[in-house]
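Here are some remarks on the model you passed on to me. They are set out as numbered points, to be read alongside the sequence and the coordinates.

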Amino acid sequence: MSDSKRLRIAVQKKGRLSDDSISLLKAIGIKLQIRDRLLIAHSTNQPIDLLLVRDDDIPGLVMDGVVDMGFIGQNELEEKMLERQAAGKQAEYKELRRLDYGGCRLSLAVPNEMDYQGIQSLQGKKVATTYPYLLERFFKKENINASTVMLTGSVEVAPRAGVADAICDLVSTGATLEANGLQEADEIFVSRAVLIQQAGKLSEEKQALINTLLPRMDGVTQAKE
Ligand code: ATP
Ligand code: ZN
C-alpha cells in the first residue's frame, strides 16, 4: 500500500523511544531535518521519509502497510497484535532487529498494604492497565478470574482512587510504583525496542536499501558494546 518510492519509517514523535531511534538512524548516515509539529521528515541524502507519530499507532501503520518499517516497543507491538487478531484484522509483520534500548517490563503491582500471597491473591479482583490483551492472556494462562479496567494514563493512581485493586503497568526502575505506595508482584512481559518491517513484499529498490541499512545498524550497536 505504501506506493511512494521513498522508504517510509515510522518513529515515535515524542517519548521514550524517540531519541534513541532517531540517533540510530543518524548514526548510520541518514541525514534528517526534524522540525517540530511536522508529521513527516524527509532525509536529505537518502530516499527515506520518517513518519513521526504516537507509538500506539506504529504497529497498525506497519501491519496495514502504510509504512515500510517502524521502531516500536515489543509491549505495544504484542498488545496491538492481539487486539487486531481479536478484531480479525491483518496482524502480520517481520521483526528485523531487536535493539539495545527501550528496555522495560510489564508488571503486576499491588498496594503495599495488600496481603499478596502470589498470583492467586488477584482472584476476583479488578486490575487497571493500558495493556488489557497482554494482561488477559496472562490471567487466562494462570487460570485467574480477574477483571481488567482499561486506562490509557495514570494507571498507578487507580488503586488509591478506588478504581481498581491492583495495576499492570510498565516498570523500569520501580520508582513510580514506590512513589504510589505499590509493590511489584509479578512480571508478565519483558520488552525492548524492535525494528519491524511490513509483511508484504517491497519493491526491489526498497528492499535493497533496507539490506544496506541493517548491517550498518549492527555495526553501530556492536561499536557501543
Ligand atoms: P505516545 O505519546 O507516543 O503514545 P507513550 O506515553 O505511550 O507515548 P512512552 O512513555 O514514551 O509512551 O513509552 C514508549 C515506550 O517506551 C513504551 O511502550 C515502552 O516500550 C518503552 N519504555 C521503556 N521504559 C519505559 C518505562 N519505564 N515506562 C514506560 N515505557 C517504557
Ligand atoms: Zn503510547
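**Notes on the fold and the ligand site**

1. A convenient place to begin is Tyr93, which stands opposite Gln198 in E11. The pair belongs to a ladder in which 5 bridges join E5 to strand E11 (residues 193-198), the two strands running antiparallel. Please keep in mind throughout that this is a predicted model.

2. Strands E5 and E11 are part of an open sheet of 6 strands, whose order is E2-E3-E1-E4-E11-E5 and whose pairing is mixed. The edges are taken by strand E2 (40-42) and strand E5 (93-98); each has a single partner strand, so one side of each is left without a neighbour in the sheet. From one strand to the next, the twist averages 25°.

3. Towards the E2 edge of this sheet, both senses of pairing can be followed. E2 and E3 pair in the antiparallel sense over 3 bridges, and His42 has Asp49 in E3 as its bridge partner; these two strands form a hairpin, with 5 residues between them. E1 and strand E3 (residues 48-53), by contrast, pair in the parallel sense over 6 bridges, and here the bridge partner of Ile9 is Leu50 in E3. In general, strands of a sheet pair through backbone hydrogen bonds, either parallel or antiparallel.

4. Two helices should be described together with this sheet. Helix H6 (residues 204-224) lies across strand E1 (7-12), E5 and E11, and runs at about 25° to E5. H3 also packs on the sheet, where it touches strand E4 (69-73) and E11, and its direction makes about 105° with that of E4.

5. What is the strand order of the open sheet of 5 strands? The order is E8-E7-E9-E6-E10, again with mixed pairing. Strand E8 (147-150) and strand E10 (182-191) stand at the edges, and since each has a single partner strand, one side of each is left without a neighbour in the sheet. Neighbouring strands of this sheet are turned by 30° against each other on average, direction ignored. Within the sheet, strand E6 (residues 104-111) and strand E9 (residues 166-171) run antiparallel and are joined by 5 bridges, with Ala109 standing opposite Ile167 in E9.

6. Helix H3 deserves a point of its own, since besides touching E4 and E11 it lies across E6, E9 and E10, running at about 75° to E10. H3 and helix H4 (residues 132-141) pack at an angle of about 80°, with their axes 8 Å apart, which makes H3 roughly perpendicular to H4. On the H3 side of this packing, Glu78, Glu79, Leu82 and Glu83 meet Tyr133, Leu134 and Arg137 in H4. By class, the contact of the two helices comprises 3 nonpolar and 4 charged residues, with no polar ones.

7. How is the protein divided into domains? Domain 1 covers 7-102 + 192-224, and domain 2 covers 104-191. The C-alpha centres of domain 1 and domain 2 lie 29 Å apart, and the contact takes 9 residues from domain 1 and 9 residues from domain 2. On the side of domain 1 that touches domain 2, helix H3 (residues 74-86) gives the most, with 6 residues. The residues of that side divide into 1 nonpolar, 4 polar and 4 charged, and a description of the domain contact might therefore reasonably start from H3, which gives the most to it on the domain 1 side.8. The ligand site closes this note. Ligand 1 is surrounded by 15 residues, and the closest are Gly15, Arg16, Gly73, Cys104 and Ser172. By class, the shell around ligand 1 has 3 nonpolar, 7 polar and 5 charged residues. From which domains does the shell draw at least three residues? It draws at least three from each of domain 1 (7-102 + 192-224) and domain 2 (104-191).

Note on methods:
Residues numbered from 1 in each chain as written. Chains lettered and ligands numbered in written order. Predicted model: local features only at pLDDT ≥ 70, side-chain atom pairs only at ≥ 80, totals over all residues. Domains from an automatic or database assignment. Contact = placed C-beta atoms within 7 Å. Helix = DSSP H or I, 4+ residues; strand = E, 2+ residues; numbered from the N terminus. Nonpolar A, V, L, I, M, F, W, Y, C, P; charged D, E, K, R; others polar. Near = placed C-beta within 6 Å. Pairing = 2+ DSSP bridges. Axes fitted to C-alpha atoms, helices over the stretch in contact; angles between N-to-C directions. Parallel < 35°, antiparallel > 145°, perpendicular 65-115°, else oblique.
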